[in-house]
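This report describes the arrangement of strands and helices in the structure shown below, together with selected residues.

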Amino acid sequence: MADATLKSGFVSIVGRPNSGKSTLLNRLVGQKISIVTPRPQTTRNVVRGIVTDAEGQIVFLDTPGIHKPLHRLNERMMRFMLDSLKHIDIVMLIVDASASHGHGDEFALDLIRKVHTRRYLLLNKIDKIPKRQLLPQITRYSEAVDFDLIVPISAKTGDGVDVLKKEIYKCLPEGPLYYPKEQPTDQPERFLVSEVIREKLILMTREELPHATAIAIERFEEGEGRLQIFASIFVERESQKKIVIGRGGQVIKEVGTSARREIESLLDRRVHLELHVKVRKKWRDDEQVLKALGM
């Protein structure tokens with residue numbers, strides 16, 4: 001029987017690309033669970049972050065950014081996001097309060113109107129704007145959708161995040177812990193490792209190929225006192241392969257070194273990381289490649 005004093009439930013975090021979903025998830029969990037880059041559409045899968053404390057357990061779902069799909073990859077990303085809105089207790093629409101309101105925001109609001117569960121609006125990045133700019137935004141969104149709660153926050157600084165968590169617990173039902181107390185995510189090690197590599201690659205290549213790359217973990221092998229990881233980086237063109245490798249192999253070397261250090265910290269063990277770059281033309285529309293990537 002569940003302890004009647006505990007509350008538990010599922011909360012989906014949705015929003016436009018670069019609205020701060022992954023930063024908020026990491027802030028709530030208290031450690032890095034979802035990768036964060038300045039590039040839009042970084043999150044491709046639903047990433048679950050688990051918060052367990054004296055009040056109970058909240059399972060947060062970080063989702064791909066709301067956008068109009070252009071490839072099968074994007075179609076799958078949007079399907080993951082829509083699936084995350086099923087069988088949840090609360091959906092939280094996170095908005096970049098420092099950015100101008102546009103068609104993408106209206107698209108997100110249209111989606112939220114169709115959700116029949118508790119709806120929260122999070123006005124994020126309040127550390128970037130004067131407080132006087134908040135009231136007009138609160139008024140605009142209140143008139144657009146009947147939100148159950150509107151909370152100004154800064155996922156980066158943590159301002160308002162504790163208030164948000166308290167409000168979530170107020171609305172969750174009594175229930176069991178769905179995951180062990182010390183477990184921060186349900187993502188397998190291979191997924192976490194592939195995401196670390198992809199983050200470092202995006203940060204290293206910047207504007208040049210943020211969406212044209214994917215990471216496939218080929219093998220995890222126990223070596224002599226360390227874990228050996230063999231991973232492939234998929235790109236769509238030979239020119240992109242040259243960018244990933246870099247002059248004299250400098251780019252892929254730096255990506256590998258940076259990723260290895262974070263993976264060792266993540267897994268708490270020594271790691272040998274080997275990266276190979278492979279060209280797969282139009283892989284974002286290739287069913288076999290997408291399935292192999294777990295998409």
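In this predicted model, one open sheet consists of three strands in the order S7-S8-S9, with mixed pairing. Its edge strands are S7 (214-222) and S9 (271-279), each of which pairs on one side only. On average, neighbouring strands of this sheet are turned by 20 degrees against each other, direction ignored. Strand S8 (residues 227-235) and S9 run parallel and are joined by nine bridges. Within S9, Val271 is the residue that stands opposite Leu227.

Two helices are associated with these strands. Helix H6 (residues 189-205) packs on the sheet and touches S7, S8 and S9; the direction of H6 makes about 130 degrees with that of S7. Helix H8 (residues 250-267) lies across S8 and S9 and runs at about 135 degrees to S9.

H8 also packs against helix H7 (residues 238-245), at an angle of about 60 degrees and with the two axes 4 Å apart. H7 and H8 are therefore oblique to each other. On the H7 side the contact is made by Ile243, Val244 and Ile245, and on the H8 side by Gln250, Val251 and Ile252. Of the residues in this contact, five are nonpolar, one is polar and none is charged.

A further open sheet has six strands in the order S2-S3-S1-S4-S5-S6, again with mixed pairing. Here the edge strands, pairing on one side only, are S2 (47-53) and S6. Neighbouring strands of this six-stranded sheet are turned by 25 degrees against each other on average, direction ignored.

Strand S1 (residues 7-15) is mostly covered, with eight of its nine residues buried. S1 runs parallel to strand S3 (residues 56-62), to which seven bridges join it. S1 also pairs with strand S4 (residues 90-96) in the parallel sense, over five bridges. Val11 has a partner in each of these two strands: Val11 stands opposite Phe60 in S3, and the bridge partner of Val11 in S4 is Ile90. S4 in turn pairs with strand S5 (residues 118-124), in the parallel sense and over seven bridges. Ile94 has Leu122 of S5 as its bridge partner.

The parallel pairings described above are collected here.

| Strand pair | Bridges | Residues opposite each other |
|---|---|---|
| S8 and S9 | nine bridges | Leu227 and Val271 |
| S1 and S3 | seven bridges | Val11 and Phe60 |
| S1 and S4 | five bridges | Val11 and Ile90 |
| S4 and S5 | seven bridges | Ile94 and Leu122 |

Helix H1 (residues 21-29) lies across S1, S2, S3, S4 and S5, and runs at about 25 degrees to S2. Helix H3 (residues 103-113) packs on the sheet as well, touching S1, S4 and S5. The direction of H3 makes about 170 degrees with that of S4.

H1 is mostly covered, since seven of its nine residues are buried. These buried residues are Lys21, Ser22, Leu24, Leu25, Asn26, Leu28 and Val29. Their cover includes S1, S2, S3, S4 and S5, as well as helix H5. Immediately after H1, Gly30 adopts a positive phi of about 90 degrees.

In H5 (161-171), the buried residues are Val161, Leu164, Ile168 and Tyr169. Viewed down the axis of H5, these buried residues fall within an arc of 135 degrees, so they line one face of the helix. The other side of H5 carries exposed residues, namely Asp162, Lys166 and Lys170.

The loop between strand S6 (149-152) and helix H5 contains Ser154. Is Ser154 buried or exposed? Its relative accessibility is 1%, and Ser154 therefore counts as buried, the cut-off for buried being under 20%. Leaving aside residues up to four places away in sequence, Ser154 touches Asn124, Lys125, Ile126, Asp127, Asp159 and Val161. One of these contacts, Val161, is also among the buried residues of H5.

Terms used:
Residues numbered from 1 in each chain as written. Predicted model: local features only at pLDDT ≥ 70, side-chain atom pairs only at ≥ 80, totals over all residues. Heavy atoms only, no water. Buried < 20%, exposed > 50% of the residue type's maximum accessible area, 1.4 Å probe, protein only. Contact = heavy atoms within 4.5 Å. Pairing = 2+ DSSP bridges. Axes fitted to C-alpha atoms, helices over the stretch in contact; angles between N-to-C directions. Parallel < 35°, antiparallel > 145°, perpendicular 65-115°, else oblique. Nonpolar A, V, L, I, M, F, W, Y, C, P; charged D, E, K, R; others polar. Arc of directions from axis to C-beta.
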